[in-house]
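The following report walks through a single protein chain, moving from one residue to its pockets and then to selected positions elsewhere. Please keep the sequence and the structure in view while reading.

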Amino acid sequence: MAINDLEKPGTGTTSDICPSCLGKRGAFETEGGYDNTRGEFHAPYFSAQCRSCYGEGIAAPITALEKKLEMDEWNISYLQSWQADFGDEPDAQHSLRFLKDILLELKGLSHTESAKTTDSSPETVASSIIATIKSQKNTDAALEDFQAVLFGAATSSLLDPSDLAKVTRLLINCLPAPFNKKLEHQISSNARERWNVGPEKPSPGKEIDQCIEEWISLNAFVAHLTRVHAVSLEDYGLRTLNRAFDAGAHLEDERIYYVPAAAAWVNILGGNIYLWSSQNAGDSGSTGFKWPKWDEWRRGFETSSKSDKFASKTRKRAEMALYKMNELDKAGHS
């Protein structure tokens, strides 16, 4: 019996991961009518108890709970995938407990802007994560697990990549040496590996639109990491822009990934890219951001915004990037 099956009053048990604490083996109950505890009549809700949270459970209206569980579902999926890959390792249970704690902390960032509280701010979340990491016997392994969660959440969860970048910056600034530098190195290595592999291709379990969106989300996260000065990863923006628009730089059919990802870099870090490019006016500048490249990328976005080779969403993103580049050009020449 799955959680989603509990639409009518009744009781049941499930081996699903508890949405309250992410522990396994829950006992679930739904009921409606007058609630003696709340002292009011309410729509059906379900309470959840499991061995991990010792019967504390949760209680919420089903409609609100469904919204709340959007992030829970991602957490559960991540944990199940991790268990399938690493569940047989010697210290798997300890690592799993750590991952659950990290996911519960990150879930605080999933509040909407109108519902943000001090408890869900990047500062509070980062402080809790730092304490959790420092409490681990094997801090190096904890950092490795954390950065893997970080990239996974940035790529495919509902969390705002800007919030995740702020949390990352706070960890790098506040973790004691040498762990802050180790985390920075691990993040750089993860980014390098992902760009070397490139965007995920469609499969029976994942359609091409999802693959494209995840590649855009990854690029947006790395751009935000650079923007907030967490880790300097602007070279990956350069690689994305070049693969989107350099003639013969990449396979033509992969431009459907790289053009909208390049637009994300411009929309997030366009001012910096303009500055870096303007400081290298010739072809022999000290960085890969050169003024001739800026013009080439701008023309590329203009062409892409009108091309029927791309989906309407990609054309719109290219149009927005082109608009920002033109505005930066105007401001630079005024």
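Leaving aside its neighbours within four places in sequence, with which residues is Ser95 in contact? The model is a predicted one, and in it Ser95 has a place in helix H2, where, once neighbours within four places in sequence are set aside, its contacts are Trp82 and Asp145. Ser95 counts as buried because its relative accessibility is 17%, and the cut-off for that class is under 20%. Both contact partners of Ser95, Trp82 and Asp145, appear again in the account of the second largest pocket, where they are among the residues that lie nearest its centre.

**The chain as a whole**

The chain has 334 residues, of which 47% count as buried, and its secondary structure comes to eleven helices and four strands. When contacts between residues at least 6 apart in sequence are considered, 58% of them join residues at least 24 apart. The exposed area of the chain is about 17000 Å², and carbon and sulfur atoms supply 49% of that area.

**The two pockets**

Rolling a probe the size of a water molecule over the atoms shows where empty space is left. The largest pocket has a volume of about 490 Å³, and of the 18 residues that line it, Thr155, Arg194, Glu200, Lys206 and Glu214 are the closest to its centre. Three helices, H4 (139-156), H6 (179-197) and H7 (208-227), each supply at least two residues of this lining, and H7 gives the most, with five residues. The lining of the largest pocket also draws at least three residues from each of two domains, domain 1 (64-111 + 119-197) and domain 2 (207-333).

The second largest pocket holds about 400 Å³ of space. It is lined by 17 residues, and those nearest its centre are Tyr78, Trp82, Phe86, Asp145 and Ala148. Helix H1 (62-86), helix H2 (92-107) and H4 are the elements that give two or more residues to the lining of the second largest pocket. Helix H4 is thus named for the lining of the largest pocket and for that of the second largest pocket. By class, the lining of the largest pocket divides into seven nonpolar, six polar and five charged residues, while the lining of the second largest pocket has eight nonpolar, four polar and five charged residues.

**Buried positions in three helices**

The table lists three residues with their helices and relative accessibilities.

| Residue | Helix | Relative accessibility |
|---|---|---|
| Thr226 | H7 | 9% |
| Ala261 | H9 (255-278) | 0% |
| Trp297 | H10 (291-305) | 1% |

Thr226 is in H7, the helix that gives the most to the lining of the largest pocket. Beyond its neighbours within four places in sequence, Thr226 is in contact with Val231, Ser232, Leu233, Glu234, Trp265, Leu269 and Trp276. Its C-alpha lies 9.7 Å from that of Gly237, a residue eleven places away in sequence.

Ala261, at 0% relative accessibility, counts as buried, and, with neighbours within four places in sequence left aside, it is in contact with Trp215, Ile216, Asn219 and Thr240. One of these, Asn219, is 42 residues away along the chain, yet the C-alpha atoms of Ala261 and Asn219 are separated by 6.0 Å.

What surrounds Trp297, leaving aside its neighbours within four places in sequence? Trp297 is in contact with Leu238, Leu241, Asn242, Phe245, Ile273, Ser277, Phe289 and Met325, and it counts as buried because its relative accessibility is 1%. Between Trp297 and Leu322, which are 25 residues apart in sequence, the C-alpha to C-alpha distance is 8.8 Å.

**Two backbone details in loops**

The peptide bond from Ala177 to Pro178 is cis, with omega near 5 degrees, and Pro178 lies in the loop between helix H5 (161-174) and H6. A second loop, between H7 and helix H8 (234-245), contains His229, whose phi is near 60 degrees, a positive value in a residue other than glycine. Is His229 buried or exposed? His229 counts as exposed because its relative accessibility is 67%, and the class begins over 50%.

Notes. Residues are numbered from 1 along each chain as its sequence is written. This is a predicted model: local features need pLDDT of at least 70, side-chain atom pairs count only at pLDDT 80 or more; totals for chains, interfaces and linings use all residues. Side-chain values use heavy atoms; hydrogens and water are left out. On a 1 Å grid over the protein atoms alone, a cavity is a set of points where a 1.4 Å probe fits but cannot get out, and a pocket is an open set with protein on both sides within 12 Å along at least five of seven lines; lining residues have an atom within 4 Å of a point. Grid points are joined across faces, edges and corners, and a volume is the space filled by probe spheres set on the points. Ala, Val, Leu, Ile, Met, Phe, Trp, Tyr, Cys and Pro count as nonpolar, Asp, Glu, Lys and Arg as charged, and the others, Gly among them, as polar. Domain bounds come from an automatic or database domain assignment. Buried means under 20% relative accessible area, exposed over 50%, partly exposed in between (1.4 Å probe, protein chains only). Contact means heavy atoms within 4.5 Å. Accessible areas come from the Shrake-Rupley method with a 1.4 Å probe; for residues, only the protein chains shown count as cover.
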